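Have the model open in a viewer while you read this. We'll take a walk through its interior, its charged pairs and a few odd spots in its backbone.

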Amino acid sequence: MDDQDLELEKPEWKDEPTPGPAALHSVTALSGMYQDWFLDYASYVILERAVPHLNDGLKPVQRRILHSMKRMDDGRYNKVANIIGHTMQFHPHGDASIGDALVQLGQKDLLIDTQGNWGNLLTGDGSAAPRYIEARLSKFALEVVFNPKTTEWKLSYDGRNKEPVTLPVKFPLLLAQGGEGIAVGLASKILPHNFNEIIDASIDYLQGKDFVLYPDFPTGGMIDISKYNDGQRGGVVKVRAKIEKLDKKALVITEIPFGKTTSSLIESIIKSSEKGKIKIRKIDDNTSANVEIVIHLMPGVSPDKTIDALYALTDCEYSISPNICVITGSKPVFLGAGDILRYSTDNTVKLLKTELEIRENELREEWHLSSLEKIFIEEKIYRDIEECETWESVIKAIDDGLKPFKKKFIREVTREDIIMLTEIKIKRISKFDARKADEHIKGIEAELEEVKNHLNNIIPFAVNYFRQIKKKFGKGKERKTEIRSFDTILAAKVVANNAKLYINYKEGFIGTGLKKDEFVCDCSDIDDIIVIRKDGGYLIKKVDDKVFVGNDIIYAQVFLKNDERTIYNIVYQDGKDGPLYVKRCAISGLTRDKEYNLTRGTPGSKIIYFSANPNGEAEVIKVNHKPRARLKKLIFEFDFGQLAIKGKSSMGNILTKNAVQKVALKEKGLSTLGGRKIWFDDAVFRLNVDGRGLFLGEFSADDKIIVITKNGYFRVTGFDLSNHFEDNILIIEKYRAGKVYSVIYWDAEQKFYYVKRFTIEESEKPLCFINEDPESKLISITEVEYPRFEIQFGGKNKDRENEIIEVAEFINVKSYKAKGKRLTSFMVDNIQEIEPVFIKESSSEKEDEEDDEPQHQDKKIDPAQMKLEL
């Protein structure tokens with residue numbers, strides 16, 4: 001209950017009789033007070049403060065700010081302090097809440113034109129004080145948001161002023177601006193969407209087509225909308241910063257995820273760095289108009305792996321859970337983005353129709369009054385009142401004079417109409433121009449006909465309205481956030497080693513705190529450790545300072561989940577005096593802290609020989625039997641390469657049934673796993689071994705991948721799964737040295753088409769094989785040995801006969817830096833690759849004086865005929 005309520009109730013208390021002793025000791029149930037007062041408070045916060053209304057997409061404070069700015073609007077900027085003071089006539093809360101809401105509206109750059117320091121969404125810097133900054137309504141707001149003729153009004157909180165119940169917004173404003181509010185018992189989080197895409201979706205809806213809407217953020221970045229669920233409860237989107245490799249020693253963040261600032265992003269990166277999870281040397285924040293955060297890496301640190309680590313371990317990637325909650329019918333409802341757009345579009349059509357109906361009535365009334373005035377003057381009815389002595393006789397005389405013409409009017413002539421005629425000045429009557437009056441009436445009739453046509457075709461009219469809005473205000477509002485599918489990055493795979501693992505074989509302890517014991521390996525504090533004991537038992541433990549894992553440890557290492565390439569070669573004795581078994585297996589998919597066994601589990605079993613091979617190597621071992629009578633073969637060799645790799649629970653094969661004195665390594669072996677099959681997933685632009693996307697082939701240790709992009713660059717890289725790739729890839733395949741590529745490109749500097757043949761030079765740095773002018777274009781690239789192209793001429797040379805170019809004869813193989821040879825000096829309309837013909841190598845291939853000029857290479861863009869823009 002607020003102070004105002006208390007003040008109103010005090011007089012009532014004074015009028016009551018003095019309570020007796022029993023009344024003074026009466027008890028009021030606290031639960032009842034809590035239920036009534038709390039529900040009133042919760043209802044007020046939900047309806048009047050935190051949640052936007054479905055009709056106009058505005059919270060009450062935003063609506064009151066816009067209403068105040070409209071009342072103050074004179075085309076010039078107003079001090080924000082003045083706007084805040086004016087808004088307090090309608091908003092029963094402090095100036096701070098109004099100022100904050102006004103700054104947020106201004107930063108969205110849609111409804112308000114700003115002047116001065118309004119803060120920075122990128123850096124998180126606040127705005128200047130209200131007395132130093134100015135604002136006015138934008139042209140978009142003036143055209144779309146306001147119309148007093150279609151606005152429903154109510155009294156302000158103190159009854160002194162009128163304010164709109166909701167503003168007649170003719171646009172899905174809520175989706176364009178987004179919104180966030182926390183009320184009592186519920187919250188609303190509506191993500192902003194792209195201005196032009198909203199208009200396109202509204203047009204599609206009006207035309208009965210399907211549409212889809214996805215968020216778009218002013219900070220740019222990337223978004224994964226696979227689980228957006230139309231913005232409804234339960235949906236989630238992932239947002240990422242845009243990170244690029246500056247060089248081998250530095251990364252640069254050029255766009256940040258929505259809801260984060262450069263300061264908060266840098267802080268999260270520094271925290272991960274201080275914990276040792278990311279190896280960075282320093283961070284430079286060069287952000288001004290655009291984001292530029294340069295991350296300098298430690299020597300020897302992989303840029304690709306660091307990018308993954310930034311996404312997995314910092315705020316460079318995080319999830320947002322949208323929750324569209326709006327007020328309609330005096331209660332909160334939960335909807336989807338599609339529901340909001342459909343309702344707002346229907347409401348826009350309704351408002352447009354109402355405006356047209358109002359305009360139709362205004363035109364009809366104007367036509368009626370203009371016709372009335374014309375007849376009154378042309379027929380000289382004003383003379384009939386010259387001898388009238390009373391007001392009533394004047395009214396009657398005019399009414400009688402109009403009787404012969406009343407059938408021409410579109411409504412009855414009222415007393416008010418006649419009074420209006422009596423107020424016409426003599427000067428106006430004397431200067432009356434019948435021709436101009438007729439033209440004016442005809443203009444009204446033409447506009448009235450147009451309005452009626454719009455009303456009869458309200459949907460096409462609304463579609464045209466949206467198109468005009470897009471044409472006038474859509475420039476510069478293109479999508480900023482790139483829609484991508486994100487791959488799942490496991491933190492354990494990208495976190496940097498920030499600890500050292502030690503082991504005490506004697507006591508059976510392992511951990512990062514045993515610094516006086518034997519060093520095992522580097523690890524991170526989120527890694528898992530696999531420990532294998534001599535009795536065949538093994539388990540997975542999380543890295544800790546000190547943890548007991550059992551006696552007789554023979555192996556301990558960081559455990560890589562789902563690692564199928566690390567193969568364990570084992571020889572174990574089944575029981576105390578049983579035979580020796582040999583097995584090869586991978587260990588994956590284990591439950592932490594659960595005991596497993598590599599032997600058959602017979603009591604007394606023990607491991608005789610053990611090796612862990614990260615790439616499936618198979619060694620040769622020498623087995624020494626214990627001497628005994630009639631044992632002919634005391635020593636023999638066994639090659640693990642002869643043994644198939646099976647499951648970790650398999651028994652294995654019998655190696656020998658005789659007692660063994662020793663088993664030792666005789667010779668290290670090679671991998672038996674063969675090459676690693678690699679695929680490229682063009683949805684996330686990453687390599688994988690799971691069979692997703694384009695199969696690139698089997699890769700051995702020294703194999704490489706060639707990447708050629710649409711803008712005429714190539715690079716050669718390894719097949720590490722952490723590698724990042726460009727999003728404009730034209731060709732990605734296994735690199736084969738000496739392979740010849742034939743290229744046609746448009747040289748923007750010379751204004752001619754060039755052809756060249758070249759081989760790839762190994763370089764991890766992108767190299768340009770066409771002219772580096774930004775306007776130069778890669779036209780076609782092919783791997784065909786003897787390619788042929790047909791040139792169709794255009795312009796003033798369109799009647800010239802098509803020319804066929806045999807590329808292998810036209811130009812020799814050169815360096816990727818060579819400019820190549822001019823294809824033709826005539827104007828070109830089309831270049832089409834045609835079926836190649838086998839041609840024997842010619843020793844007299846043509847050369848041009850321009851062959852040695854530096855330039856670059858390319859690959860086939862489209863074998864089909866293409867229209868070229870000269």
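What follows is a tour of this model, from the nonpolar cores out to the loops. Keep in mind that it is a predicted model.

Let's start inside. The largest nonpolar core has 72 residues, and Leu111, Phe140 and Phe171 are the ones with the most contacts within it. Helix H12, which spans residues 337-378, supplies the largest share of that core, with eight residues. A second, separate core holds 27 residues, including Ile269, Val291, Ile307 and Cys316. As background, nonpolar side chains tend to be buried together in soluble globular proteins.

Zoom in on leucine 111 and see who surrounds it. Setting aside neighbours within four places in sequence, leucine 111 is in contact with Leu66, Leu105, Arg136, Leu137, Ser138, Phe140, Ala141, Val145, Leu173 and Gln177. Phe140 turns up again here, having already appeared among the residues with the most contacts inside the core.

Back to helix H12 for a moment, since serine 344 sits in it. Is serine 344 buried or exposed? Its relative accessible area is 5%, under the 20% cut-off, so serine 344 counts as buried. Not counting residues up to four places away in sequence, serine 344 touches Leu54 and Pro172.

Helix H5, residues 80-87, is a good one to look at end-on. Its buried residues are Val80, Ile83, Ile84, His86 and Thr87. Where do the buried residues of H5 fall when you look down the axis? They lie within an arc of 165°, so they line one face of the helix. Those buried residues pack against helix H4 (60-72), strand E1 (78-79), helix H6 (95-107) and strand E3 (134-137).

There are nonpolar side chains on the outside too. Phe38, Leu39 and Tyr41 make up a nonpolar patch on the surface, with about 310 Å² of accessible area together. To find the patch, go to helix H3 (residues 30-50), where leucine 39 is located.

Now for the charges. Side chains of opposite charge can pair when their charged atoms come close. How many salt bridges does a search of the whole structure find? The count is 49. One of them joins the side chains of aspartate 56 and arginine 63, at 2.7 Å from N to O. Here both partners are out of sight: aspartate 56 is buried at 2% relative accessibility, and arginine 63 is buried at 8%.

Arginine 533 gives you two salt bridges to look at. With aspartate 535, the closest N and O atoms are 3.6 Å apart; with glutamate 595, they are 3.0 Å apart. The pair of arginine 533 and glutamate 595 also makes a link across the chain. Arginine 533 belongs to strand E21 (residues 528-533), while glutamate 595 is in the loop between strand E26 (580-586) and strand E27 (596-597), so this pair ties together parts that are 62 residues apart in sequence. As for their surroundings, arginine 533 is buried, with 9% relative accessible area. Aspartate 535 is partly exposed at 38%, and glutamate 595 is partly exposed at 46%. Elsewhere, Lys149, Arg359, Glu362 and Glu447 are linked in a network of salt bridges.

Next, the backbone. Most residues other than glycine have a negative phi. Which spots have a positive phi without being glycine? Asparagine 229 is one of them, with phi near 55°, and aspartate 593 is another, at about 70°. Asparagine 229 is placed in the loop between strand E8 (222-224) and strand E9 (237-240), and it is partly exposed, with a relative accessible area of 42%. Aspartate 593 is in the loop between E26 and E27, where we met glutamate 595. Aspartate 593 is partly exposed as well, at 46%.

For a last stop, head to leucine 767 in strand E41 (residues 767-768). Leucine 767 is buried at 16% relative accessibility. Leaving aside neighbours within four places in sequence, leucine 767 is in contact with Gly712, Tyr713, Phe714 and Tyr816. How far are we from serine 344? Between the two C-alpha atoms there are 50 Å in space, and in sequence leucine 767 and serine 344 are 423 residues apart.

Methods:
Residues are numbered from 1 along each chain as its sequence is written. This is a predicted model: local features need pLDDT of at least 70, side-chain atom pairs count only at pLDDT 80 or more; totals for chains, interfaces and linings use all residues. Side-chain values use heavy atoms; hydrogens and water are left out. A salt bridge is a side-chain nitrogen of Lys or Arg within 4 Å of a carboxyl oxygen of Asp or Glu. Buried means under 20% relative accessible area, exposed over 50%, partly exposed in between (1.4 Å probe, protein chains only). Helices (H or I, at least four residues) and strands (E, at least two) are DSSP runs, numbered from the N terminus. A nonpolar core is a set of buried Ala, Val, Leu, Ile, Met, Phe, Trp, Tyr and Cys residues joined through side-chain atoms within 4.5 Å. Contact means heavy atoms within 4.5 Å. Patches are made of residues with over 30% relative accessible area and no salt bridge: like charges are joined within 9 Å, nonpolar side chains (Val, Leu, Ile, Met, Phe, Trp, Tyr) within 5 Å. Accessible areas come from the Shrake-Rupley method with a 1.4 Å probe; for residues, only the protein chains shown count as cover. The arc is that of the directions from the helix axis to the C-beta atoms.
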